[in-house]
Amino acid sequence: MLITLPRVLDADDLRAARAALAGAPWDDGRDSAGAQAAQVKHNQQLPHDCVAAIDVRQRVLRGLDRHPQFLMAALPKRVFAPRVNRYSGATNHYGNHVDNAIRFAPDSGQRVRTDLSCTVFLSDPRDYNGGELVVQEPNGGERIKLAAGDAVLYPGTHVHQVLPVTRGERLACFFWVESMVRSHEQRRLLYEMDLALMQLRTRHGESAETVALTGTYHNLLRMWADT
Ligand code: NI
């Protein structure tokens with residue numbers, strides 16, 4: 001299941017992030033890829049600890065913290081420190097690959113299981129051609145290219161790629177999430193139930209039934225979650 005998260009970053013954040021990224025010290029993106037991925041990875045990334053990367057990372061983490069849909073859909077246990085990448089010029093694509101199942105957080109060395117991947121688009125889609133994220137699903141791949149500030153959340157289990165950028169540059173922030181609920185099926189059921197409950201409340205207000213179903217939601221979460 002692919003989930004779009006609108007406006008993780010607002011216009012002020014985007015302006016500040018782009019200003020921080022102008023003149024930032026880009027590195028070869030292959031530095032952080034696993035052996036299979038490194039063969040098809042042709043992009044640039046910011047060093048983890050540079051000023052621009054820290055600025056963008058903090059803005060994204062704050063945006064996620066206040067994003068109800070992210071919390072509902074990901075049920076995050078750990079978030080791998082977001083990184084920033086760039087596709088442009090000769091380093092403009094990332095072929096089909098799978099992300100490593102376990103990442104080591106650069107600061108703490110803590111292991112993060114990559115249940116979910118997330119990309120936050122930083123560039124205005126009108127400013128570049130190509131650069132779609134394609135996530136292979138059983139019924140074909142969807143080409144994803146979102147408005148600046150929006151994000152897509154997708155299962156870390158899927159083969160995916162970023163198509164060549166043929167004009168302009170594509171800036172994005174990406175990270176992985178270890179979820180409290182490891183199973184995609186269980187997490188999806190919880191998300192759908194949570195959404196339906198929210199809509200029920202909006203339409204009809206609180207009732208004995210919404211209270212009972214909220215109890216069921218939490219009892220399922222209690223049964224499936226690992227904190
Ligand atoms: Ni990837």
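Donors are N, O and S atoms within 2.8 Å of the metal (3.2 Å for Na, K and Ca), and since water is not among the atoms, sites may look incomplete. Here the donors of the nickel ion follow the spacing H-x1-D-x60-H along the chain. They are His 97 (NE2), Asp 99 (OD) and His 160 (NE2), lying 2.1 Å from the nickel.

This is a predicted model, where local features need pLDDT of at least 70, side-chain atom pairs count only at pLDDT 80 or more, and totals for chains, interfaces and linings use all residues. Residues are numbered from 1 along each chain as its sequence is written, and side-chain values use heavy atoms, with hydrogens and water left out.

Back to the metal: Asp 99 sits in the loop between strand 7 (93–97) and strand 8 (102–104), while His 160 is in strand 15 (residues 160–162), so the pair ties together parts 61 residues apart in sequence. Strands are DSSP runs of E, at least two residues, numbered from the N terminus. Asp 99 is buried at 16% relative accessibility, and so is His 160 at 3%. Buried means under 20% relative accessible area, exposed over 50%, and partly exposed in between (1.4 Å probe, protein chains only).

Now for the salt bridges (a side-chain nitrogen of Lys or Arg within 4 Å of a carboxyl oxygen of Asp or Glu). The whole structure has 13, including these:

| Pair | Closest N to O |
|---|---|
| Arg 78 – Glu 178 | 3.3 Å |
| Arg 126 – Asp 124 | 2.6 Å |
| Arg 201 – Glu 206 | 3.0 Å |

Arg 126 is exposed at 66%, whereas its partner Asp 124 is buried at 18%.

Notes: Helix = DSSP H or I, 4+ residues; strand = E, 2+ residues; numbered from the N terminus.
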